[in-house]
Amino acid sequence: MLQFKSKGLGKGKTETLAIPVCEGKDLPFDKITKSLVTMAKRLKEFKGETGEELILYNPVGVKVNRVIFIGVGKLEKLNAESLRVFAGKAVKKCIKMGLGELLISCPSELHLEAIIEGACLGNYIFDKYKSEKKYSPLKSISFLVEPDTDEKLLEQTVAICEGTMFARDLVNMPSNDKKPEQFTNLIIDTAKKEHLQIKVLCGSELKKKKFGSLLSVAAGSNSDARLIVLDYNPKGSKKTVALVGKGVTFDSGGINLKPTGHIEDMKCDMSGAAAVAATLVAASKLDLKVRVLGVIPVVENMISGNATRPGDIITSYSGKTIEILNTDAEGRLILIDALSYAIKEYKPDTIIDIATLTGACVVALGMKMSAVFSSDDTLAQSIVKSGEKTDERCWHLPLFDDYKERLKSDFADLKNIGGPGGAGSITAALFLSEFVGDTRWAHIDIAGPAYIEKGHDYCGVGGTGVGVRLFCNLLKGI
Ligand code: BES
Ligand code: ZN
Ligand code: ZN
């Protein structure tokens with residue numbers, strides 16, 4: 001449970017208090033916190049440098065069992081991310097010590113959101129598949145704030161972080177427990193609780209409606225494909241934003257089978273779908289004013305006698321034909337049918353897809369940055385800005401028209417890869433652009449940050465839930 005506390009420290013007994021400490025000039029704290037910071041800084045070994053930690057037990061003058069001081073560096077360099085890191089560190093430290101509750105001193109309302117985010121996300125543990133649960137999340141995290149602080153900030157920030165954690169749960173789940181039907185049910189169950197409108201198209205309907213590209217990816221799997229549409233449609237909304245998320249519950253590569261080293265983590269290939277589903281759930285909790293649609297194609301990319309072969313030509317939902325030159329470039333094949341369908345059925349003002357689309361994106365930008373492509377510079381800029389605010393960073397990459405040449409096929413309207421010549425992420429985005437017409441569109445490639453091999457201060461190893469905080473920030477501004 002997360003709550004605000006404004007009573008002053010003196011009244012009750014506090015088990016653990018955490019304080020962010022700046023090197024040099026201090027943060028603007030209440031009187032008691034200030035005196036504790038002075039006490040800590042008197043010690044030679046603690047200056048408030050980034051990463052420094054100090055614990056004082058039963059300091060005189062306050063009823064606190066232990067105070068954890070964590071350095072956050074110079075005040076001039078302090079930003080939201082250093083506060084997320086601070087709060088995540090404090091929570092993780094308490095979890096490791098086997099404690100149950102924590103109180104965090106918050107300098108001012110300006111710093112609050114980031115501290116809540118770091119604490120809430122740092123308290124996430126995925127141990128569903130462990131027989132022995134070594135660590136438990138903290139039962140209670142309180143934030144020491146000014147008396148009149150608006151509770152809404154806490155509620156909204158927690159709602160968004162719950163979205164991120166829902167997405168992490170979905171990503172971390174192994175592929176044998178999230179085959180398309182199961183994955184769909186997991187999403188539906190959560191969406192129902194938030195009273196979202198839900199529509200699911202399954203195998204036979206998809207066939208009838210001619211989702212040829214989506215179905216070509218699912219062909220090798222024993223599990224049928226799905227297309228989920230979640231609809232958050234508040235009264236009086238003037239704009240519609242459609243979000244489309246890649247939901248490949250496992251990407252073996254198909255007949256272009258992935259080699260060892262690239263295949264084990266491919267349970268994460270539904271991270272875009274998870275981000276979209278979780279954003280829809282959060283949108284409802286946040287009471288957003290804009291209509292948001294979540295369009296989620298779900299398939300498993302497997303090999304069998306029925307699998308699509310390299311060289312096959314398929315007809316997409318749009319009617320355009322595609323020569324499949326590589327069955328591992330499957331994400332774009334499911335996205336184009338979802339994009340075409342969403343545009344045709346719902347005519348959104350803006351459509352944004354999010355996907356673990358290309359390894360090339362990881363090569364270009366690494367693990368801590370997504371790529372954003374758009375037909376509309378203003379939309380791309382807004383996404384980049386939301387990325388900066390949430391630290392779900394995005395880099396705007398170009399859609400060069402002349403690179404489209406590389407997607408021309410000798411036998412069909414298009415081929416699904418650009419062939420040699422590099423720029424794999426750009427050609428993937430250009431492929432998608434062929435299916436959005438004039439609709440204001442952006443594509444976000446999250447292949448890098450969706451899944452991490454090594455945890456950090458407010459995210460454990462595995463799924464990060466990237467995209468949820470980014471989208472929520474973006475939608476709040478629309
Ligand atoms: N799911 C992968 C992309 C990926 C790579 C996601 C690394 C997360 C981490 C995608 O379906 C894929 O296999 N893309 C191919 C495209 C290629 C065949 C043109 C790739 O990037 O190698
Ligand atoms: Zn693939
Ligand atoms: Zn994939």
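Let me begin at the zinc ion (ligand 3), whose protein donors are Lys246 through NZ, Asp251 through OD, Asp269 through OD and Glu330 through OE, lying 2.0 to 2.4 Å from the metal. Donors here are N, O and S atoms within 2.8 Å of the metal (3.2 Å for Na, K and Ca), and water is not among the atoms, so sites may look incomplete. Please keep in mind that this is a predicted model, in which local features need pLDDT of at least 70 and side-chain atom pairs count only at pLDDT 80 or more, while totals for chains, interfaces and linings use all residues. Residues are numbered from 1 along each chain as its sequence is written, chains are lettered from A and ligands numbered from 1 in the order in which they are written, and side-chain values use heavy atoms, with hydrogens and water left out.

Why is the arrangement around the zinc ion (ligand 3) octahedral? The 6 donor atoms subtend angles of 77 to 174°, and six donors count as octahedral if opposite donors are over 155 degrees apart and all others between 65 and 115, whereas four count as square planar by those limits or as tetrahedral if all angles lie between 85 and 135 degrees, and anything else is irregular. For comparison, ideal angles are 90 or 180 degrees for six octahedral donors.

The zinc ion (ligand 2) is coordinated by Asp251 (OD), by Asp328 through both O and OD, and by Glu330 (OE), at 2.0 to 2.2 Å. Its 6 donor atoms subtend angles of 71 to 169°, and that arrangement is irregular. Asp251 bridges the zinc ion (ligand 2) and the zinc ion (ligand 3), which lie 3.2 Å apart.

Are these donor residues buried or exposed? Glu330 counts as buried at 1% relative accessibility, where buried means under 20% relative accessible area, exposed over 50%, and partly exposed in between (1.4 Å probe, protein chains only). Lys246 is buried with a relative accessible area of 2%, Asp269 is buried with a relative accessible area of 2%, and Asp328 is partly exposed at 22%.

Let me turn to salt bridges. A salt bridge is a side-chain nitrogen of Lys or Arg within 4 Å of a carboxyl oxygen of Asp or Glu, and a search of the whole structure finds 21 of them. Two of the zinc donors appear here, as Asp269 forms a salt bridge with Lys246, the closest N and O atoms being 3.1 Å apart. This pair links distant parts of the chain, with Asp269 in the loop between β10 and α8 and Lys246 in the loop between β9 and β10, 23 residues apart. Helices (H or I, at least four residues) and strands (E, at least two) are DSSP runs, numbered from the N terminus.

The side chains of Arg469 and Glu117 also meet in a salt bridge (3.5 Å, N to O). Arg469 lies in helix α13 (residues 468–476) and Glu117 in helix α3 (residues 109–122), 352 residues apart, and both are buried.

A further salt bridge joins the side chains of Glu181 and Arg226 (4.0 Å, N to O). Glu181 lies in helix α5 (residues 180–193) and Arg226 in strand β8 (residues 226–232), so the pair ties together parts that are 45 residues apart in sequence. Glu181 counts as partly exposed at 48% relative accessibility, whereas Arg226 counts as buried at 12%.
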